[in-house]
Amino acid sequence: MAQWCQLQLLDGKYLEQVDQLYDDSFPMDIRQYLSKWIESIDWDAVAYQDSLATVRFHDLLSQLDEQHSRFALENNFLLQHNIRKIKRNLQDRFQEDPVCMAMIISRNLKEEMKILEEGKRNEQGNEATASTMVVEKKRLDNKVRDMKELLLVADQNIKNLEYLQDDYDFKVNSFKNRESEMNGKTTKELEKEKMDLGRMCYELKAKRQDVVMKLTELLNVTHALLSELISAELPEWKQRQQTACIGGPPNACMDQLQSWFSAVAETVLHVRQQLMELQELQQKMTYDTDPISQLKEVHEPRALELLRTLLSNSLVVERQPCMPTHPQRPLVLRTGVQFTVKLRFLVNLPEFNYQLKVKALFDKDVGEKKGFRKFNILGTNTKVMNMEESNASLVAEFRHLQLKEQKVAGNKSVEGPLIVTEELHSLSFESEYQLTQSGVTFKLQALSLPVVVISNVSQLPSAWASILWYNMLSTEAKSLKFFVSPPQAKWSQLSEVLSWQFSSATKRGLNLEQLNMLADKLLGANAKRNPDGLIPWSKFCKLSPSERGFPFWLWIEGILDVIKRHLLCYWNDGSIMGFISKEREKMLLGDKCPGTFLLRFSESSRDGAITFTWIEHDCHFHPVFHSVEPYTKKELSAVSLHDIIRNYRVMAADNIPEYPLRFLYPDIPKDKAFGKYYPKPSETPEPMDVDSQQISGYMKTELISVSEVPPAKLQENMMPMSPDDFRVLEQIVSPGHIADVMGEIQDSD
């Protein structure tokens with residue numbers, strides 16, 4: 001498959017990278033129409049030979065002529081127009097320098113290959129992960145099926161044993177009766193019957209031995225399956241839940257996990273019933289080497305321990321503690337504000353319905369944490385688990401819990417070694433279950449992930465940073481002193497989590513270009529965006545006493561907030577480039593038409609702000625960049641971004657307004673990029689009653705953004721002209737000639 005075709009099969013984030021390779025100098029249309037021909041040429045060789053570059057340049061023009069002819073046959077006037085325009089632009093740009101065109105094509109093909117290889121690696125990794133999960137599920141399903149088949153075999157063997165023993169008992173009793181009637185005299189028939197009973201007894205003993213062996217095999221298989229569920233599948237599910245809590249892919253497979261746990265529980269309970277049936281058979285008949293006598297000593301305790309292990313691991317927190325007012329910020333709780341938490345019992349069998357009473361406790365068995373705050377849990381903190389109708393699961397949902405801080409003497413809060421947003425606390429849940437027959441009681445317990453307790457909503461961003469850092473780097477639920485000495489994070493870990501913060505709140509995560517800018521900000525340019533580069537907790541969320549400004553995470557949080565409040569649609573459709581350094585910004589805009597602009601987030605605003613930068617050319621055709629003062633939530637609350645861009649003006653001499661913004665990077669007309677958001681002109685309904693018309697007496701007003709250009713600056717810089725005017729000027733007068741003329745004018749002045 002051609003390279004271009006393979007690229008179009010990649011995920012959207014890779015297509016965005018491809019889009020950045022092409023601009024007006026070499027439009028993507030050419031790459032699309034002439035993909036096969038372009039990929040058939042060795043452009044590296046062409047770029048080193050002027051004569052060959054000239055030949056290939058004219059070949060490309062011929063290819064465009066052929067494409068134009070095809071569009072003419074299809075009567076596609078618009079595409080014919082576009083091809084003619086592209087051809088003219090290529091001639092203007094590369095007629096005198098075809099080597100430059102060859103170098104651009106060569107570079108783009110190499111960059112495409114890098115993007116393609118990266119995309120394939122990631123997709124193969126995702127497919128391998130998905131394939132592994134499917135294979136793993138099928139493997140465990142097969143183990144469950146084998147366990148159930150062994151259970152059926154054991155059931156049938158016990159029934160056969162029972163029939164055989166009943167038959168043997170009947171024949172023994174019949175033989176004894178006939179033997180007593182013969183007064184001790186034996187006949188050949190009685191001798192034969194006695195021999196038959198001997199063979200039958202041997203067969204019965206062999207059958208008992210076989211039943212015990214099959215039960216032993218069944219318990220071995222069940223133990224192996226349960227060990228795998230508890231040591232591998234359950235921890236993996238909990239880790240996926242951690243990832244989902246901080247914005248990662250949604251957690252799944254809980255219903256599947258429940259079905260496996262329930263199957264094991266059903267098997268163990270059934271085995272215990274089978275053991276009781278065998279003991280009843282033993283009471284009717286036993287002998288010195290009876291294998292059933294070993295069941296009470298070995299198999300019964302083993303089955304009980306399996307059941308204990310299974311049930312003690314079956315109570316899990318299905319939905320972590322979360323305030324309904326902040327559903328995307330779980331594990332952050334505020335004193336005096338209700339929060340919810342949901343538990344599930346993975347053994348979904350009727351005998352457990354309404355049998356488990358769960359109690360919620362806060363910081364139980366955590367140990368004395370000197371200086372840490374203490375809290376009381378308020379509200380209904382006990383629930384009985386019952387069957388949920390929607391998915392037939394055994395659940396208990398706490399909906400009205402609150403926390404209240406315990407005050408020390410003098411009504412003062414406790415001051416500890418950590419700030420409140422770094423204190424981790426634990427919410428635990430306890431229950432017990434008693435077996436009806438044996439009276440054995442099992443203690444059940446579940447722990448939530450560590451939570452951060454705040455007293456003011458202003459602490460929420462810092463608290464969420466703690467939740468991100470902990471769940472990114474730790475899987476130990478009881479590690480509540482984590483932030484006494486927090487570990488460093490690798491950039492490869494943190495970059496993924498940062499992207500999740502955007503993809504979970506919007507429809508778009510962070511692409512490689514945006515992450516590169518953030519990497520430089522956190523690691524420094526010298527680190528060269530090393531995936532293994534280490535970032536300390538203090539660099540992410542704190543400032544040292546000598547530093548000025550605000551922490552990195554609070555800047556990101558401010559940007560997330562302004563996106564959700566005012567910029568969501570523009571962020572989702574890709575209009576906002578967002579995270580880009582000023583150096584990279586100038587590089588991207590440097591060869592664009594005057595009036596081309598891009599949108600980026602301000603690096604100097606803690607609460608989130610957006611600005612735009614556009615390019616002009618001065619009288620010497622040198623690029624000049626202008627950035628407007630960032631728009632904060634206050635301005636965006638008054639005027640929407642599309643109206644700001646639509647009406648933005650620069651006031652030049654004599655108060656003549658100029659509209660400098662023309663193209664959204666790379667070359668999208670601003671009305672095409674933002675036109676879908678412009679308000680539709682409202683039609684004023686014709687009044688039915690002229691006398692009832694109300695005249696307000698006010699003239700309608702409109703808020704617009706205006707920047708004033710000082711006269712001195714106006715003399716230095718030309719205002720942006722239209723792209724068509726600019727191209728016409730380039731065709732008529734060379735840049736060097738214009739520079740000479742302007743120099744003469746200045747000399748004469």
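This report describes salt bridges, strand pairing, a charged patch and a loop residue in a predicted model.

## Salt bridges around R31

A search of the whole structure finds 32 salt bridges. Three residues, R31, E39 and E112, are linked in a network of such contacts. One contact in this network joins E39 to R31, with the closest N and O atoms 2.8 Å apart. Another joins the side chains of E112 and R31, also with an N to O distance of 2.8 Å. The E112 and R31 pair links distant parts of the chain: E112 belongs to helix α8, R31 belongs to helix α3 (residues 28-33), and the two are 81 residues apart.

The members of the network can also be described by how far they are covered. R31 has a relative accessibility of 1%, so it counts as buried. E112 is buried because its relative accessible area is 0%. E39 has a relative accessibility of 28% and therefore counts as partly exposed; the cut-off for buried is under 20%.

## The salt bridge between R600 and E585

The side chains of R600 and E585 meet in a salt bridge with an N to O distance of 2.7 Å. R600 is in strand β14 (residues 596-601) and E585 is in helix α17 (residues 582-589), so this contact ties together parts that are 15 residues apart in sequence.

Are these two residues buried or exposed? R600 is buried, because its relative accessible area is 6%. E585 has a relative accessibility of 3%, so it counts as buried.

## The sheet that contains β14

Strand β14 belongs to an open sheet of 5 strands. The order of the strands is β16-β15-β14-β19-β20, and the pairing is mixed. The edge strands are β16 (623-627) and β20 (668-669), each of which pairs on one side only.

Within this sheet, β14 pairs with strand β15 (residues 610-617) in the antiparallel sense, over 5 bridges. Across this pairing, L599 stands opposite F612 in β15.

## Strands β1, β3 and β8

Strand β1 (residues 315-322) is joined to strand β3 (residues 339-345) by 5 bridges, and the two run antiparallel. Two residues with bridge partners in β3 can be named here. L315 has F345 as its partner, and R319 has K342 as its partner. Strand β3 also pairs with strand β8 (residues 393-405), again in the antiparallel sense, over 6 bridges. F345, the partner of L315, stands opposite L394 in β8.

Both β1 and β3 are mostly covered. In β1, 6 of its 8 residues are buried, and in β3 the count is 7 of its 7 residues. In a regular strand the side chains alternate between the two faces of the sheet. For β3, both faces are covered. F339, V341, L343 and F345 are buried on one side, and T340, K342 and R344 are buried on the other.

## A negative surface patch

Which residues form the negative surface patch? The patch is made of E162, D166, E277 and E280. Two helices, α8 (98-181) and α10 (254-284), each supply at least two residues of this patch.

E162 is placed in helix α8, the helix that also holds E112 of the salt bridge with R31. E162 has a relative accessibility of 35% and so counts as partly exposed, whereas E112 is buried at 0%.

## A glycine in a loop

G509 lies in the loop between α13 (491-505) and α14 (512-523). With a relative accessibility of 21%, G509 counts as partly exposed, because buried means under 20%.

How far apart are G509 and E496 in sequence and in space? They are 13 residues apart in sequence, and their C-alpha atoms are 9.4 Å apart in space.

Notes: Residues are numbered from 1 along each chain as its sequence is written. This is a predicted model: local features need pLDDT of at least 70, side-chain atom pairs count only at pLDDT 80 or more; totals for chains, interfaces and linings use all residues. Side-chain values use heavy atoms; hydrogens and water are left out. Patches are made of residues with over 30% relative accessible area and no salt bridge: like charges are joined within 9 Å, nonpolar side chains (Val, Leu, Ile, Met, Phe, Trp, Tyr) within 5 Å. Accessible areas come from the Shrake-Rupley method with a 1.4 Å probe; for residues, only the protein chains shown count as cover. A salt bridge is a side-chain nitrogen of Lys or Arg within 4 Å of a carboxyl oxygen of Asp or Glu. Lys and Arg count as positive and Asp and Glu as negative; His and the chain ends are not counted. The place of a charge is taken as NZ of Lys, CZ of Arg, CG of Asp or CD of Glu. Helices (H or I, at least four residues) and strands (E, at least two) are DSSP runs, numbered from the N terminus. Buried means under 20% relative accessible area, exposed over 50%, partly exposed in between (1.4 Å probe, protein chains only). Two strands pair if DSSP finds at least two bridges between them.
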